[in-house]
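I opened this model to look up a few residues, some packing and the overall layout. My entries follow in the order I made them.

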Amino acid sequence: MSKSLQAIRGMNDILPEQTPLWRYFENTVARLLDNYGYKQIRMPIVEFTELFKRSIGEVTDIVEKEMYTFEDRNGDSLTLRPEGTAACVRAVLEHGLTGAGQPQKLWYIGPMFRHERPQKGRYRQFHQIGLEVFNIEGPDIDAELIVLTWRLWGLLGIRDAVKLELNSLGTSESRGRYKVALVEYLSAHLDKLDEDSQRRLKTNPLRVLDTKNADTQAVLVDAPKMADYLDDESRTHFEGLKARLDAAGIPFVINTKLVRGLDYYSKTVFEWVTDKLGAQGTVCAGGRYDGLVEQMGGKPTTGVGFAMGIERLILLLETLEQVPEEISRQVDVYLCAFGEAAELAALALSEQVRDQLPNLRLQVNAGAGSFKSQFKKADKSGALYALILGDDELAQQVIGFKPLRGQGEQQNIAFDALAAHLATCVVQG
Ligand code: ATP
Ligand code: MG
């Protein structure tokens, strides 16, 4: 196929055989978030480029080298969203959702776009579910965000495979003092830092802590620690969070190098990581961003949130073989009809059954076909039962009912008893 007719590298089709697992995952998360009182928000996929520059920060991997930015026909610079927080804050401000200090607990789901090197667990179009909470400043809400993800890992059967890493970045004042100390230390070891880190030392020194370069990591072993520069307010907040995680029985490790890739974080930052996916081990990441809303032109409004990468979590479910068997069966009953008269009766009958059993997954054969071919389709559909309607059955106003997976005998059921019979043998989702 010519290249222009193929999907863009790093942007994947999610094929019919994969969508049941995606829907299972998405439905599980959506139900959980409903239960915790979060409300869904849906933002556009494209925003003014300026929004991301202002919120994410000019000196970040995303803004420096990962954004899909283009000029539209009006000459405006637009960008496919690389993450959700910026647009969520914009929407909240634009619609006054946090006016007068009103708390908001929001979530979103959708595709994000980053021009990265595609590999397992890293794509150019990928999907996130994100949560953002505004105007709740205590550690109780930081804890709730973590507790609900812990519950999600439990529901999905992946708790044993993920580990929580925590850090506190302090307030911007304490971070400022820490930056001075870090720059002083790193400047004394400038020749041992990799090129990127040398550059970042000038533009965004905290990001040096994030380096993957082994030589720079060696230098960082003796670097000043953020924990020693935390102000009292941040320290108390962090202790409050840790106490709550202990109370909820959630294990965590402190990772003093955890700074997160975006500029806007303060106080709490956290990541859920796994060692089951190779290099792309972070499945969920977030933190507190108390200064962001003001920085984007709003009134002082605290914020805290996280985003999870759906592709990585799906990969983890597959790797750990935690894909529930029943999700791939999408048909309960397959109706085969032979000849024009039987087809007409089958259509009327199937619509009556749907009226009575609205959740029944009933597939009616389309495209006619011999007994053998329709039966083959019924079996391939994964249905538990086949219904068979030919001229003989029609004459008697009955339909053949045949278990396909070895539960019981074939029998004839009167038309008007069919819905009641199906109700007894198919579990209604
Ligand atoms: P990484 O360090 O892996 O690049 P990040 O810090 O850039 O991650 P965030 O911006 O925090 O990622 O996004 C939250 C989550 O979204 C990540 O933890 C990950 O699960 C997922 N994610 C981020 N970028 C990608 C990508 N290119 N492809 C697939 N998933 C991604
Ligand atoms: Mg990244």
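**S350.** I looked for S350 and found it in helix α12, residues 340-356. The model is a predicted one, and I read every entry here with that in mind. Is S350 buried or exposed? S350 has a relative accessibility of 2%. The cut-off for buried is under 20%, so S350 counts as buried. I then listed its contacts, leaving aside neighbours within four places in sequence. S350 touches L335, L362 and V364.

**A368.** I went on to A368. This residue sits in the loop that runs between β13 (362-364) and α13 (371-380). Its relative accessible area is 34%. That value falls between the 20% and 50% limits, so I noted A368 as partly exposed. Which residues does A368 contact, beyond its neighbours within four places in sequence? I found E343, Q374 and K377. I also took a distance to E340, which is 28 residues away from A368 along the chain. The two C-alpha atoms are separated by 9.0 Å.

**Domains.** Next I checked how the protein is divided. Domain 1 is made of two stretches, 19-171 and 231-319. Domain 2 covers 330-427. How far apart are the C-alpha centres of domain 1 and domain 2? I got 47 Å.

**I327.** I placed I327 in the loop between α11 and β12. Setting aside neighbours within four places in sequence, I found I327 in contact with P20, L21 and Y24. I also looked from I327 to R90. They are 237 residues apart along the chain, and their C-alpha atoms are separated by 37 Å.

**E321.** The loop between α11 (310-319) and β12 (333-337) also holds E321. I checked its backbone. Phi of E321 is positive, near 55 degrees, and the residue is not a glycine. Is E321 buried or exposed? Its relative accessible area is 70%. Exposed means over 50%, so E321 is exposed.

**N135.** I noted a positive phi for N135 too, about 65 degrees, although N135 is not a glycine. I found N135 in the loop between β6 (125-134) and α5.

**Nonpolar cores.** I turned to the cores. How many residues does the largest nonpolar core have? I found 91. F25, W153 and W272 have the most contacts inside this core. Helix α5, residues 139-156, gives the most to the core, with nine residues. Apart from this core lies another, of 24 residues. Among its members I noted L335, A346, L362 and L418. Two of these names were already in my S350 entry: L335 and L362 are in contact with S350.

**W272.** I wanted the surroundings of W272 in detail, again without neighbours within four places in sequence. W272 is in contact with I146, T149, W150 and W153. The list goes on with V162, K163, L164 and I250. It ends with G281, T282, V283 and C284.

**α2 against α4.** I then looked at a helix pair. Helix α2 (residues 49-56) packs with helix α4 (residues 85-94) at an angle of about 105 degrees. Their axes are 9 Å apart. Angles of 65 to 115 degrees count as roughly perpendicular, so α2 is roughly perpendicular to α4. Which residues of α2 meet α4? They are L51, F52 and S55. On the α4 side I found A86, A87 and R90. By class, the contact has four nonpolar residues, one polar and one charged.

**S197.** I found S197 in helix α7, residues 195-203. With a relative accessible area of 3%, S197 is buried. Beyond neighbours within four places in sequence, S197 is in contact with V208, T211 and T216. I also took the distance to V59. S197 and V59 are 138 residues apart in sequence, and 12 Å apart in space, C-alpha to C-alpha.

**T236.** My last entry is T236, in helix α9, residues 232-248. T236 has 57% relative accessibility and counts as exposed. I looked from T236 to E184. They are 52 residues apart in sequence. In space they are 27 Å apart, C-alpha to C-alpha.

Key
Residues are numbered from 1 along each chain as its sequence is written. Chains are lettered from A and ligands numbered from 1 in the order in which they are written. This is a predicted model: local features need pLDDT of at least 70, side-chain atom pairs count only at pLDDT 80 or more; totals for chains, interfaces and linings use all residues. Side-chain values use heavy atoms; hydrogens and water are left out. A nonpolar core is a set of buried Ala, Val, Leu, Ile, Met, Phe, Trp, Tyr and Cys residues joined through side-chain atoms within 4.5 Å. Buried means under 20% relative accessible area, exposed over 50%, partly exposed in between (1.4 Å probe, protein chains only). Helices (H or I, at least four residues) and strands (E, at least two) are DSSP runs, numbered from the N terminus. Contact means heavy atoms within 4.5 Å. Axes are lines fitted to C-alpha atoms, for helices over the stretch in contact, and angles run from 0 to 180 degrees between N-to-C directions. Angles under 35 degrees count as roughly parallel, over 145 as roughly antiparallel, 65 to 115 as roughly perpendicular and the rest as oblique. Ala, Val, Leu, Ile, Met, Phe, Trp, Tyr, Cys and Pro count as nonpolar, Asp, Glu, Lys and Arg as charged, and the others, Gly among them, as polar. Domain bounds come from an automatic or database domain assignment.
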